[in-house]
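Please open the model in your viewer and keep the sequence beside it, since this tour moves from one selection to the next.

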Amino acid sequence: MIEPFANNHQSMQIGELVIENQEDKIIIYGDMELTLDASGYQQAHQLHKLTTEIMQAFQTRDFSRDIPHNLYSNNEVKSKENDDQSGKNIDNPFL
């Protein structure tokens, strides 16, 4: 299990769902099929535990209150600064 927002190097996988941890964001991508069996229960339990820990991280930082809009803007700028492709134009390979 990752420690949400604690570092830039943890990742985990639940089924085909990939969760990447960063200090300013958590990236989730992929697919997840929750089947009505023991495997589906296990995956649902892991997802529940992860989302609970993410919510606790927000509450620890007191984000449970109304947040001024400019705080979201600051995080968006910070995330773009950390982006590996920041400022690069990449040719579309499908054109």
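**Starting with the strands**

Select β2 (16–21) and β3 (26–31), which pair in the antiparallel sense over six bridges; strands here are DSSP runs of type E with at least two residues, helices are runs of H or I with at least four residues, both numbered from the N terminus, and two strands pair if DSSP finds at least two bridges between them. This is a predicted model, in which local features need pLDDT of at least 70 and side-chain atom pairs count only at pLDDT 80 or more, while totals for chains, interfaces and linings use all residues. Residues are numbered from 1 along each chain as its sequence is written, and side-chain values use heavy atoms, leaving out hydrogens and water.

Next, pick E20, which stands opposite I27 in β3.

Now add β1 (11–14), and you have an open sheet of three strands in the order β1-β2-β3, with antiparallel pairing. Because β1 and β3 each have a single partner strand, they stand at the edges, and one side of each lacks a neighbour in the sheet.

**Adding the helix and the core**

Select α1 (38–60), which packs on the sheet and touches β1, β2 and β3, where contact means heavy atoms within 4.5 Å.

Finally, select I2, F5, M12, I14, L17, I19, I26, L50, I54 and A57, the 10 residues of the largest nonpolar core. Such a core is a set of buried Ala, Val, Leu, Ile, Met, Phe, Trp, Tyr and Cys residues joined through side-chain atoms within 4.5 Å, and buried means under 20% relative accessible area (1.4 Å probe, protein chains only). α1 gives the most to this core, with three residues.

Terms used: Buried means under 20% relative accessible area, exposed over 50%, partly exposed in between (1.4 Å probe, protein chains only). Axes are lines fitted to C-alpha atoms, for helices over the stretch in contact, and angles run from 0 to 180 degrees between N-to-C directions.
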